[in-house]
Amino acid sequence: ALFGFTMAVFLGVVAGFFQGRWMDRIVTGFAVTGVSVPHYWLGLLMVIVFSVQSNLLPAGGMGASGSQAWQWDWAHLRYAIMPIITLSVIPMGIIARTVRAAVAEILGQEFVQTLHAKGLLNRRVLWHIVKNATSTVLVVSGLQLGYLLGGSILVETVFNWPGSGKLLKDAIDTRDLPMLQGTILVLAMFFVVLNLLVDILQSVVDPRMRRT
């Protein structure tokens, strides 16, 4: 989430400011490709390129000692690079397109021209634009964060990553109904809590939401 959302906001703001130019076309093309490419296929492709052919990154797992001995060092973090990139591509594309559309719409409003006429620096104008776009971006980001917390059955299977998605898959394979029901209940609670937090954050960052 940290990697995908940060890159998405940056790329979306750049594309919105340079709409119609070559930078906008590159970012838009990347975002559309990220949304269109199946993430499990991208994971398999990365395993072939970076593990089988180049031998730069491990193909799967959470480390030489498994998930029980996970540590925040390079020896273990290198196992997470490809799963992180694979899972972040789709939310990165969706959020980048949302940010781009919001920034492009706000740039056409009259208050932006007023800010420029008052002599504000570009970075101050950018701050006001981002602040006005935050409310819209929060909604999409909250949904994407829910999907990430829910995990991905296919991605976790490709990289043999012991996450919630693989737990759900194992419960389906073994017909473990209590585990299946419990996992779905917890993942559903993630969405409910995140939607509540997004509504609260919207009212904090955008006072107009408090009057609706």
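The exercises below work through the helices, cores and single residues of one predicted model.

Residues are numbered from 1 along each chain as its sequence is written, and side-chain values use heavy atoms, with hydrogens and water left out. In this predicted model local features need pLDDT of at least 70 and side-chain atom pairs count only at pLDDT 80 or more, while totals for chains, interfaces and linings use all residues.

**Exercise 1. The whole chain**

Task: State how many helices and strands the chain has, and describe its extent and burial.

Solution.
- Step 1. Helices (H or I, at least four residues) and strands (E, at least two) are DSSP runs, numbered from the N terminus. By this count the chain has ten helices and zero strands.
- Step 2. The C-alpha trace spans about 65 × 45 × 30 Å along its principal axes.
- Step 3. Buried means under 20% relative accessible area, exposed over 50%, and partly exposed in between (1.4 Å probe, protein chains only). Of the 212 residues, 34% count as buried.
- Step 4. Accessible areas come from the Shrake-Rupley method with a 1.4 Å probe; for residues, only the protein chains shown count as cover. The chain exposes about 12800 Å², and carbon and sulfur atoms supply 67% of it.
- Step 5. Contact means heavy atoms within 4.5 Å. Among contacts between residues at least 6 apart in sequence, 66% join residues at least 24 apart.

**Exercise 2. Helix 3**

Task: Check the span of helix 3 (residues 39–53), then find its kink and what its buried residues pack against.

Solution.
- Step 1. The expected span of a helix is 1.5 Å times one less than its number of residues. Helix 3 has 15 residues, so its span should be 21 Å; the end C-alpha atoms are 20 Å apart, which agrees.
- Step 2. The bend at a residue is the angle between axes fitted to the seven residues ending there and the seven starting there. Helix 3 has a kink of about 25°, centred on V47.
- Step 3. L42, G43, M46, V47 and S51 are the buried residues of helix 3. They pack against helix 5 (81–107) and helix 8 (153–158).
- Step 4. An α-helix has 3.6 residues a turn, so residues three or four places apart point the same way.

**Exercise 3. Two cores**

Task: Which residues of the largest nonpolar core touch the most other members, and which helix gives the most to this core?

Solution.
- Step 1. A nonpolar core is a set of buried Ala, Val, Leu, Ile, Met, Phe, Trp, Tyr and Cys residues joined through side-chain atoms within 4.5 Å.
- Step 2. The largest core has 21 residues, of which I95, V99 and I129 touch the most other members.
- Step 3. Two or more residues of this core come from each of helix 1 (2–17), helix 2 (22–36), helix 5, helix 6 (110–117) and helix 7. Helix 5 gives the most, with seven residues.
- Step 4. Another core, of eight residues, lies apart from this one; L42, M46, V47 and F159 are among its members.
- Step 5. Not counting residues up to four places away in sequence, V99 touches V9, G12, V13 and V137.

**Exercise 4. Q144 and T98**

Task: Decide whether Q144 and T98 are buried or exposed, and list their contacts.

Solution.
- Step 1. Q144 lies in helix 7 (residues 122–150). At 10% relative accessibility, Q144 counts as buried.
- Step 2. Leaving aside neighbours within four places in sequence, Q144 is in contact with F5, P91, I94 and I95.
- Step 3. T98 is placed in helix 5. At 18% relative accessibility, T98 is also counted as buried.
- Step 4. With residues up to four places away in sequence not counted, T98 touches T136 and V140.

**Exercise 5. An aromatic pair**

Task: How many aromatic pairs are there, and which kind is the pair of Y147 and F191?

Solution.
- Step 1. Rings of Phe, Tyr and Trp (its six-membered ring) pair if their centres lie within 6.5 Å; planes under 30 degrees apart count as stacked, over 60 as edge-to-face and the rest as tilted.
- Step 2. The count by this rule is one aromatic pair. The ring centres of Y147 and F191 are 5.4 Å apart and the planes are at 75°, so the pair is edge-to-face.
- Step 3. Y147 is in helix 7 and F191 in helix 10 (residues 177–205), 44 residues apart, so that the pair links distant parts of the chain.
- Step 4. Y147 is exposed at 52% relative accessible area, whereas F191 is partly exposed at 26%.
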